[in-house]
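Student: Can we go through this model together? I'd like to start with what packs inside.

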Amino acid sequence: MPEQTVKDLKKELYLMMHKAQEMLELAEDAFAKNKVSALDQAAELAGEIHRKEDVLTEALSKMAAKNGEARPLVAVPGHIEKIATSIERIVDGVRLKIKEGLLFSDKAILETGTMIVKAKDVLKKAGETMVTGTAAAVDAIRNESDAIINMADSFATTHEERLVSGECSPKSSSTYLCILYAFEDLASHTKDAVKKSVPR
């Protein structure tokens with residue numbers, strides 16, 4: 001079997017990121033349609049990402065000793081795994097919402113949908129940027145990731161106001177906030193993964 005190159009490993013990183021994007025698409029489907037089977041599929045993809053992280057981190061660590069291009073990539077599989085872990089938290093929140101029959105306000109449903117669309121887009125662009133990216137593309141991902149973090153923070157603040165005014169139930173509230181905070185972490189690790197994968 002021929003020895004893997006940095007290009008090969010970058011392709012593997014792209015595939016990992018694509019699986020994370022698929023996880024989020026499945027979570028979106030489950031959220032919109034109360035579809036537990038989609039959550040189970042997302043959990044399977046998470047398992048694949050966790051296993052792949054070990055393999056790729058080991059391969060990059062070995063390569064980094066004699067390849068300067070591989071060295072910055074060593075931390076990237078770990079960041080993608082943390083993206084998957086963030087999406088698992090979203091999946092868990094949606095699963096709890098379905099299981100407990102939790103009711104989200106119309107505003108919370110709209111906000112969650114907005115976050116999912118933005119996060120899917122940034123994951124797609126991040127995967128592509130990791131393989132073929134330029135410094136300008138990295139900056140764009142950073143800006144979009146920061147926008148997601150700021151949006152989640154803003155949604156959390158307005159949600160707390162709805163909770164105080166009695167528009168939301170406390171039981172649904174904690175689940176919704178957990179989902180929002182997971183999007184913040186997802187965006188943060190996406191930014192870090194891309195920054196390390198594209199040489200400045």
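Tutor: The largest nonpolar core has 60 residues, and L24 and I87 have the most contacts inside it. A nonpolar core here is a set of buried Ala, Val, Leu, Ile, Met, Phe, Trp, Tyr and Cys residues joined through side-chain atoms within 4.5 Å. Buried means under 20% relative accessible area, exposed over 50%, and partly exposed in between, with a 1.4 Å probe and protein chains only. This is a predicted model, in which local features need pLDDT of at least 70 and side-chain atom pairs count only at pLDDT 80 or more, while totals for chains, interfaces and linings use all residues. Residues are numbered from 1 along each chain as its sequence is written, and side-chain values use heavy atoms, with hydrogens and water left out.

Student: Which elements give two or more residues to this core?

Tutor: They are α1 (6-33), α2 (36-64), α3, α4 (106-132), α5 and α6. Helices are DSSP runs of H or I with at least four residues, strands are runs of E with at least two, and both are numbered from the N terminus.

Student: And where does the largest share of this core come from?

Tutor: From α1, which supplies twelve residues. As background, nonpolar side chains in soluble globular proteins tend to be buried together.

Student: What span does α1 reach, and what is expected?

Tutor: Its 28 residues reach 41 Å from first C-alpha to last, close to the expected 40 Å. The expected span is 1.5 Å times one less than the number of residues.

Student: How far apart are the end C-alpha atoms of α3?

Tutor: They are 36 Å apart, which agrees with the 36 Å that the 25 residues of α3 (residues 76-100) should span.

Student: What happens to phi just after these helices?

Tutor: Just after α3, G101 takes a positive phi of about 65 degrees. Just after α1, N34 takes one of about 55 degrees, and N34 is a residue other than glycine. Most residues other than glycine have a negative phi.

Student: Where is N34 found, and is N34 buried or exposed?

Tutor: N34 is in the loop between α1 and α2. With a relative accessible area of 47%, N34 is partly exposed.

Student: What about L102, where is that?

Tutor: L102 lies in the loop between α3 and α4. At 7% relative accessibility, L102 counts as buried. L102 and A126 are 24 residues apart in sequence, with their C-alpha atoms 33 Å apart in space.

Student: How far is V117 from E28?

Tutor: Their C-alpha atoms are 8.7 Å apart, with their positions 89 residues apart in sequence. V117 is in helix α4 and counts as partly exposed at 48% relative accessibility.

Student: Switching to charges. How many salt bridges does the structure hold?

Tutor: There are 14, each being a side-chain nitrogen of Lys or Arg within 4 Å of a carboxyl oxygen of Asp or Glu.

Student: Which residue does D185 form a salt bridge with?

Tutor: With R89, the closest N and O atoms being 2.7 Å apart. The pair links distant parts of the chain, as D185 is in α6 (residues 170-197) and R89 in α3, 96 residues apart. D185 is partly exposed at 31% relative accessibility, and R89 is partly exposed at 32%.

Student: What does D146 pair with?

Tutor: D146 forms a salt bridge with K191, with the closest N and O atoms 2.6 Å apart. This pair also links distant parts of the chain, D146 in α5 and K191 in α6, 45 residues apart. D146 counts as partly exposed at 26% relative accessibility.

Student: And R142 with D139, where do they lie?

Tutor: Both lie in helix α5 (residues 135-164), three residues apart, about one turn of the helix. Their closest N and O atoms are 3.1 Å apart in a salt bridge.

Student: Which residues are linked in a network?

Tutor: D29, K33 and K35 are linked in a network of salt bridges.

Student: Last topic, cavities. What volume does the largest cavity have?

Tutor: About 30 Å³. A cavity is a set of points on a 1 Å grid over the protein atoms alone where a 1.4 Å probe fits but cannot get out, and lining residues have an atom within 4 Å of a point. Grid points are joined across faces, edges and corners, and the volume is the space filled by probe spheres set on the points.

Student: What lines the largest cavity?

Tutor: The lining residues include L103, F104, H159, C168 and Y176. The largest share of the lining, three residues, comes from α6.

Methods:
1 Å grid on protein atoms, 1.4 Å probe; cavity = no way out; pocket = protein on both sides within 12 Å on 5 of 7 lines; lining within 4 Å.
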